[in-house]
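Me: I have a chain open on my screen and would like to talk it through with you. Could you take my questions as they come?

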Amino acid sequence: MPRKDPDAQRIYTAEYRISHHAEILARKKRYRETHREELRLKAQKYYIENHDARLQADTLRREQNREEIRRRGREKSAKYREEHRVEYNIKFAKYRIEHHEAIRLRNATYDYREKRRQYREANREAIRERDKKYHEEHPEQSHFHSLLRRARKSQAPGNGVTIKQWRFVKTLYKDCCVYCGKKSKRLTMDHVVALACGGAHDITNIVPACRSCNSKKHVGPPPIPTQFVLPLAM
Ligand SMILES: [Zn+2]
């Protein structure tokens, strides 16, 4: 029975739905069974008529949830790989053997440098952020790698320096700047003969220096005579 007050009507409807829940379900089921063909055609018609809108909605939904979808996909495939590890390993081993020549060719013609350049260009901001974060969290490694790059760029002679050797050199100088003697946790690697002057990137040519002394020295000779220790142990 319809009521005048819309709120009272809503309450009545809700109560009716709850108290007649089973009955309503049965009625709906009956309807579906007796109108099967009609419903199928209706659904089909709806599906066809809303094809474009549906595709658009799907695309939109995917775009809005891109990160979540990606994360879920990664989780799913990681789980699958974990569960099928042995199968996977066999499958890939077989693949590598069967396609040996094709893989070799692909690797030989793949332009890693160009791909890397493209990636860098497309993700410039993200890379900058990542590097900044890395530098803040790992100042020692960050400084070390930047010197490694500089040494490579200037094609410096020498055997290179490992981070272990660099730490050893710092310990050798008791974590003090070799020029002013100040103790510092943020010592920079100074090349006694600068890389720009053909100095080697080598344990025999590096000393710890504080920022201030290192920048004062730049590419010139050391500001005061260096008590240069040659770590023969390494
Ligand atoms: Zn200093």
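Me: To start with one residue, is Lys 174 buried or exposed?

Reply: Lys 174 counts as exposed, because it has 9 C-beta neighbours inside 10 Å, and a residue with 12 or fewer is placed in that class. Please keep in mind throughout that this is a predicted model.

Me: Where does Lys 174 lie?

Reply: Lys 174 lies in the loop between helix 11 and strand 1, and its phi is near 55°, which is a positive value in a residue other than glycine.

Me: Why bring up the sign of phi?

Reply: Most residues other than glycine have a negative phi.

Me: OK, and what is the phi of Asp 175?

Reply: The phi of Asp 175 is near 60°, again a positive value in a residue other than glycine, and Asp 175 is likewise found in the loop between helix 11 and strand 1. With 14 other C-beta atoms within 10 Å, Asp 175 is partly exposed.

Me: Stepping back, how many helices and strands are there in the protein chain?

Reply: The protein chain has 12 helices and two strands, and read along the sequence the pattern is α-α-α-α-α-α-α-α-α-α-α-β-β-α.

Me: How do the two strands pair, then?

Reply: Strand 1, residues 188-191, pairs with strand 2 in the antiparallel sense over four bridges, and within that pairing His 191 stands opposite Ile 206 of strand 2.

Me: Which residues of strand 2 are buried, and on which side?

Reply: Both faces of strand 2 are covered, with Ile 206 and Pro 208 buried on one side and Val 207 and Ala 209 buried on the other.

Me: What is Ile 206 in contact with, leaving aside its neighbours within four places in sequence?

Reply: Ile 206 is in contact with Val 161, Val 169, Met 189, Asp 190 and His 191.

Me: Which residues touch the most other members of the largest nonpolar core?

Reply: That core has 18 residues, and Cys 177, Ile 206 and Ala 209 are the ones that touch the most other members. The elements giving two or more residues to this core are helix 10 (139-153), helix 11 (163-172) and strand 2 (206-209), and strand 2 gives the most, with three residues.

Me: Different topic: how many residues of helix 5 are buried?

Reply: Of the 18 residues of helix 5, the number buried is zero, so this helix lies largely in the open. Helix 5 covers residues 66-83 and should span 26 Å at 1.5 Å a residue, which agrees with its end C-alpha atoms being 26 Å apart.

Me: And what about helix 9, how many of its residues are buried?

Reply: The number buried among the 14 residues of helix 9 is also zero, so helix 9 lies largely in the open. For helix 9, residues 124-137, the expected span is 20 Å, and the end C-alpha atoms are 20 Å apart, which agrees.

Me: What radius of gyration does the protein chain have?

Reply: The protein chain has a radius of gyration of 35 Å, whereas a compact globule of 234 residues would have one near 17 Å. Its C-alpha atoms fill a box of roughly 105 × 60 × 35 Å along the principal axes, and buried residues make up 10% of the 234 residues.

Me: Last one: what is the mean pLDDT, and which element has the lowest?

Reply: The mean pLDDT of the protein chain is 87, and 91% of its residues reach 70 or more. Among the elements, helix 12 (residues 211-217) has the lowest mean, 82, and helix 2 (residues 21-34) the highest, 94.

Note on methods: Residues numbered from 1 in each chain as written. Predicted model: local features only at pLDDT ≥ 70, side-chain atom pairs only at ≥ 80, totals over all residues. Core = buried A, V, L, I, M, F, W, Y, C linked by C-beta atoms within 7 Å. Buried ≥ 20, exposed ≤ 12 C-beta atoms within 10 Å, placed from the backbone. Contact = placed C-beta atoms within 7 Å. Expected span 1.5 Å × (residues − 1). Pairing = 2+ DSSP bridges. pLDDT = per-residue confidence, 0-100. Rg over C-alpha atoms; globule rule 2.2 N^0.38 Å.
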